[in-house]
Amino acid sequence: MKQVQLGQSGLRVSTLCLGTMTFGDNPDGFMAGVAADEAQSLKVMHAALDAGINFWDTADIYGNGLSEQIVGRALKDRRGGVVLATKCGFSMGPTANDRGMSRRHILAAAEASLRRLGTDYVDLYQVHFEDRTVPPMETLEALDQLVRDGKVRYLGASNYTAYGLTKAVMLQQRHNLARFISLQPHYNLLVRDVERELLCVCRGEGLGIIPWSPLASGFLSGKYKRGQQPPRDTRLSSWSEIYGKYGNDRGFGIVDAVAKVAAAHHATPAQVALAWVMAQPGVTSPIIGARTLAQLQDNLGALKVTLSAQDLAALDAASALPDHYPADFLRSNVDSAE
C-alpha cells in the first residue's frame with residue numbers, strides 16, 4: 001500500500017487509516033450491540049496490518065476504553081509497524097473534570113490511554129473536539145508538554161471550526177509550541193460542509209486531512225433502501241436521528257449516483273464512495289470502520305478504483321452543497337470581475 005506524508009510532517013502513513021470505533025462490544029459504550037467482539041476485532045486488525053495499513057486511529061471514548069485495550073493487545077508484538085493515533089476530550093468519568101480540554105484532563109487522559117494501549121508513546125495525539133469553554137493556550141500548552149515529555153510524537157485536531165483551527169495554529173506558531181499536523185473532520189459525499197472553509201484552512205496551513213465516516217456510517221454502501229427500515233444489525237438501526245438526516249431524497253439520490261458509477265467500474269458503492277473522498281485535494285487517509293474481514297476487503301478494493309473527471313463531476317453534482325454567503329457573493333461580484 002502506498003505511504004504518504006501526513007501534512008507537512010515527516011510522518012508517513014498508509015493511504016487508508018483503520019478506525020477502531022467498532023472494536024470492543026462494551027454494553028456501556030455508544031456502539032453497544034453493533035461492535036465486533038475482541039476475537040473478531042483482532043482478526044480485522046491483523047489482516048489490515050498484513051494488507052499494509054500502518055495507520056490506526058482510536059480514542060479513549062470508544063467502548064469506554066475497551067477499544068484502546070484491544071488495540072494494545074493486537075499490537076503487543078507489532079507496535080513498531082504501526083502509526084498509532086488516539087484522541088481525548090469526551091467524558092471518561094463522573095466529574096466535571098473528567099472531560100474537555102483542560103490541562104488537567106488532557107494530561108490525565110493521555111496517561112490513561114498509554115496504560116490501556118500498553119505503550120510508552122502515541123504517534124498522533126488528537127483533540128477530539130474544539131472545547132470553547134477552555135482558553136486555547138491552556139489546551140495547546142498541555143499538548144506541547146506531552147510532546148516535550150516524549151509521550152506524544154505529533155499532534156492533531158478533530159471537529160474544529162475553521163476559526164478555532166486557524167486561531168490554534170496561529171497561537172502554536174507565535175508561541176513556538178508543537179503544531180497540529182492534521183485535522184480529522186466529518187467528510188463524505190453526504191456531509192460536505194467542511195469544504196466551505198475548514199478544508200481551505202488545512203490546505204493553506206499544510207495540515208493533513210483524515211476524514212472520519214467516509215461511508216456515512218455505512219449509508220453510502222447501498223445497504224439502506226428507500227421506504228424500508230434500516231437492517232437490524234446495522235449501526236443506523238439504532239442511530240435513528242442520523243438515519244433521519246441521511247435517509248431522505250437527497251441522501252438516496254446520492255446513493256443512486258454512487259451505484260451508477262460503481263456499476264460502470266464493476267466496483268461496489270462503498271469502494272466508489274471511498275475513492276471519491278481519496279480523490280479530494282489535501283486528503284491523506286480516510287478512516288475506514290470495518291467490523292468484519294469482508295468489509296475490510298471491500299474497503300481495500302477502493303484502492304483499485306480510479307474515478308474519471310466525468311465520474312467526479314457526476315458525484316459532485318448529486319451531492320452539491322447549496323450556495324451560501326459570502327461565497328456566493330464573492331463568486332458573483334468579485335471573482336467574476338477578475
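This report describes the parallel sheet of a predicted model, with its strand E5, and a nonpolar surface patch.

Residues are numbered from 1 along each chain as its sequence is written. Because the model is predicted, local features need pLDDT of at least 70 and side-chain atom pairs count only at pLDDT 80 or more, while totals for chains, interfaces and linings use all residues; side-chain values use heavy atoms, without hydrogens and water.

Eight strands (DSSP runs of E, at least two residues) form an open sheet with parallel pairing, in the order E9-E8-E7-E6-E5-E4-E3-E10. Strands E9 (208-209) and E10 (287-288) stand at the edges with a single partner strand each, so one side of each lacks a neighbour in the sheet. Pairing requires at least two DSSP bridges between two strands, and the table lists three such pairs.

| Strand pair | Bridges | Facing residues |
|---|---|---|
| E8 (residues 180-184) and E9 | two | leucine 183 and isoleucine 209 |
| E4 (residues 55-57) and E5 | three | aspartate 57 and alanine 85 |
| E5 and E6 (residues 122-127) | four | threonine 86 and tyrosine 125 |

In strand E5 (residues 83-88), six of six residues are buried (under 20% relative accessible area, 1.4 Å probe, protein chains only). Val83, Ala85 and Lys87 lie on one side, and Leu84, Thr86 and Cys88 on the other. E5 also takes part in a right-handed β-α-β unit with E4 and helix H2 (residues 66-74), and in another with helix H3 (residues 103-117) and E6.

On the surface, Tyr325, Phe329, Leu330 and Val334 form a nonpolar patch (over 30% relative accessible area, no salt bridge within 4 Å, nonpolar side chains joined within 5 Å) with about 420 Å² of accessible area together. Leucine 330, in helix H12 (residues 327-333; helices are H or I runs of at least four residues), has a relative accessible area of 38% and is therefore partly exposed (between 20% and 50%).

Key:
Patches are made of residues with over 30% relative accessible area and no salt bridge: like charges are joined within 9 Å, nonpolar side chains (Val, Leu, Ile, Met, Phe, Trp, Tyr) within 5 Å. Accessible areas come from the Shrake-Rupley method with a 1.4 Å probe; for residues, only the protein chains shown count as cover. A crossover is right-handed if, with the strands pointing away from the viewer, the path from the first strand over the helix to the second runs clockwise.
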